[in-house]
Every structure is written in C-alpha cells, then in structure tokens.
Amino acid sequence: MKKTISLFFILTLLSCQSAFAACNCGSDDALAACTGKNIHVTVGQGRSVDFTWTFHSGNGQEAQCGQFANGDYWIAPANGASDVVVSLVEGSGSGDTYLDENPVLEANGFLDNSNNYGNHDPAENILTDLPLSFDYDTSLVAAIQRNEAMHGNCGTNAIVGSCIEAYHVLTVLDQVPPNAGTDILRPSIDETDKELLALSDFNFNHLPALDYIPGSSTNELEKIRQRWSYSSEVFAVKTFSGQTFSEGGRAFRANLLIDDYGAGVAQSFIADIMALSSQANTLAEKQAALAAVLTYGKDLYYAIYDGDTRTRNWGSGAAQSMGKFPPAVFFAAMANDPLYGNTLSQASQTLLGYADIRGPHELDQINDGITHPVWGDEADVMTQTEVGAYWGRVLKSQCFDGALDTCRTSGGPRTSRDPHGYIDGPPNSPGVAYMSVSA
C-alpha cells in the first residue's frame, strides 16, 4: 500500500525547517539582519548533544538574530520592540540542562552541587523561570550534564555526578551588532559590559604560515571551531578568598569536546594552534576556528582581569589548570591593543602582576641555572635542609648510574629542582612527572 503524507504535515515540516534556518540566513547587512524564533545547534561529531532556543521580540514577533565570527548566536529586538523574550531552552542528550545568566565565576562549577563538588548556587539556574524578558545586553549560558552511567565519568571519583558535556552561549543584545556580528568576537560570558571586539582588532600576520604543517580538512577545522566554541575553562577560576577544588575543575570542562585534565586541555590547544599555523589553509578557511580560539582566550583573560576589585588567579597544582594560560596568551599576542600582552607579561615576570593577581605556578618553576634554565619548585636559594632532602631523594629512588637497586620514580615530591642549577627536577628521575606535564 502506498504511503501518503498529508499537506498539513508537509507545511508543518517546512515551517519548522524555516524557523530553524531563519537565524542562519547568511545576511551580514545590519539593516537587514536575519529574523527568527528558534535556534538549533548540534555540538559534537559522532556522539553529540543538541541545544534548542525558542524566543521572540517583546511584541510577539520574530527577533533579529545572527552569528558571531566563531558561530555563536546573538539575538536582538525587532520591529520596534524594546526587549527579547526567551521562552524555552532545551538540551537533547542523556543529562539535565542548566541555564545561567552572566554566570558568577566565584560560584565554581555549573551544576547543582548535589555531589558536593563545586559551590554553584542552584538558584542561579534560571531554566525553570522561563519565559524571561531581557532588555539589556546579557549572556545566557546553557550546559548539558553528562549521563555518566551511560557515557562514563570524566576524571576521578571525587567528581562523579558532576560532569558537563558541553556549553552553548546565546548573547542578547539591544541592537544588531556591526556587520550583523559576522566579524565580531562573542562578548565575554561573565561581563555585564559586553565589549564587541572585531577581527580587525587582531593582527593575523602574527600567525605563522608553516609549510611543513599539513593542511586541515573542512571537517577538521570544524572540530577545532566546536572544541573552543562550546567549551569553557572559566568556571574553575580561583579566588584568594573563595573555595578551591582539588581537581581544578575537571568536572566543569566540556568533557564531550576536550580532555578533563588541564594538561590535556593545553595539549589540545597547542595542537590546534599548530594546525592553524599551516600555510596550506587560507585565512578565510581558518577564520571561524581562529575566532573560536580567540573567543576562548578572551573569556579567560576577562575572567581574571575584569577591572574591578575581585581578586582571581590562574590557579595551578598537579597541572589541573594549565589549559587556562596559553589561550589567553594567544589572544593577547594576536591583539593590536598592547594592553592585553602588557598585563599578561606582568603575571609571567612577577607572578603577581595586575591587581595582585597571581600568575600560573608553572611559570615560577623556571629558574636561572648555571648554564641554562632549570625546572623545579624550590626557591633560588635553598636551605641546607632542602639540599639534603634533594640528595636524600636521589639516593632513595636509586635512579642514577651505578645504582644497585631498581629505579623508583614515584617516591617523594616530584617537583624539586637541582640545588646547584644544572639538572631539571625531579631528583628521583630528571625530566619526568610534572616537569614533562608542564613542559
């Protein structure tokens, strides 16, 4: 028997498709921006999650909408309305969905703290408060929790039940951004002042064009764009007065897209920067991925240096946080404005820098040696006790030429440096453990 499809079904399907496509109509004309009431985004390749946003102008009509340079969406009132109403945010996947407005970064994490990991206030989840009207620039950050029973946990047992799969940011603006946002970086998610930096504010001549790096396919470049567009490291920033967490925010990362370990995040970031440094791809081909990387670094920079009295620091410890600093450095290195680089250089030279904010601990592990820099934790002038402890660990580990026992690299601190300034730490086996992690 031949199956038939009703005209009503066809019209309904077409209307749904046009609603989802409307905010991606390709217009870069600020006087003729796209309009729509729905945005649908799929995050991930292979296993994926979906975010769906439903909204309208305050007068009930379609809102203006478009995409920033990295692909994140913005919405703004249309047809004389003064506000935008967000009525529904849905996440598909196996876990719960959360929604926050201009997240307070001191509330570490994003979930409801049901596993006693993170200190996020469940009252900040505004998902059940929808519909809500917004008449000011704001960032709406949605997150989907991982179903760990189905997909596995993200790190150690301390964070079971607290893992994020991916984030998605929708920015509400009071008007259409220049060029409909197509050459604008998404504003920082925790700032109330939504600064709009354009791609013209960056010097892409600073990006190497290396002939020995193979080019990336369209699919590989899209993976880079997604990895840094739908991830975040800012929900684990540390404060001198606030609570910190031993795992450095592993649960707070977008575990669908990046490694849960801070050193793994850094590794992915550096690998992607190398890929984007290939001369085999044009700047136009790399633009969306580059914009995603810059946006990620911009979020981190402004999370630390927000210009008010909050004291945050980059954090460290067991390489759990070292994915933070390189993206901010890349953002600063590419920017035309020297403010960013000058500020970060203070952190690298003094580990205090701007407003007494402490720089990454890893930078303090580089010491002036006799013939070259040496790696390790100890102060420049070590006490007699510290020197004795160093050689005691060397003897106990039996990791030296002519040792009679088996080398054991796991004993004692693995961060000490050679007190005489010749050898990289740790003493029980130079060049391994946290030295190789932080390299």
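How many bridges join β7 to strand β9, and do the two run parallel or antiparallel? I would like to begin there, and I should say straight away that what we have in front of us is a predicted model. The answer is that 5 bridges join β7 to β9, which covers residues 138-145, and that these two strands run antiparallel. To give you one pair that you can look for yourselves, L99 in β7 has A142 in β9 as its bridge partner. As a general reminder, the strands of a sheet pair through backbone hydrogen bonds, and the pairing can be parallel or antiparallel.

Let us now step back to the sheet to which these strands belong. It is an open sheet of 6 strands, in the order β1-β4-β5-β10-β9-β7, and its pairing is mixed. At the edges stand β1, residues 34-36, and β7, and because each of them has a single partner strand, one side of each is left without a neighbour in the sheet. As you follow the sheet from one strand to the next, the twist averages 30°.

From β7 I would like to move into the loop that lies between β7, residues 97-101, and β8, residues 132-134, where P131 is found. The peptide bond joining L130 and P131 is cis, with an omega of about 5°. In this loop between β7 and β8 we also find N102, whose phi is positive, near 40°, although this residue is not a glycine. Is N102 buried or exposed? Its relative accessible area is 14%, and because buried means under 20%, N102 counts as buried.

A positive phi also appears at A180, which again is not a glycine, and here the value is about 55°. This residue is found in the loop between β10, residues 164-172, and α3, residues 218-229. With a relative accessibility of 2%, A180 counts as buried.

Finally, please turn to helix α9, which spans residues 434-438 and contains Y434. How should we describe the accessibility of Y434? At 27% relative accessibility, Y434 counts as partly exposed, since that class lies between the cut-offs of 20% for buried and 50% for exposed. If you look for G376 in the model, you will see that Y434 and G376 are 58 residues apart along the chain, while their C-alpha atoms are separated by 9.2 Å.

Terms used:
Residues are numbered from 1 along each chain as its sequence is written. This is a predicted model: local features need pLDDT of at least 70, side-chain atom pairs count only at pLDDT 80 or more; totals for chains, interfaces and linings use all residues. Side-chain values use heavy atoms; hydrogens and water are left out. Helices (H or I, at least four residues) and strands (E, at least two) are DSSP runs, numbered from the N terminus. Buried means under 20% relative accessible area, exposed over 50%, partly exposed in between (1.4 Å probe, protein chains only). Two strands pair if DSSP finds at least two bridges between them. Axes are lines fitted to C-alpha atoms, for helices over the stretch in contact, and angles run from 0 to 180 degrees between N-to-C directions.
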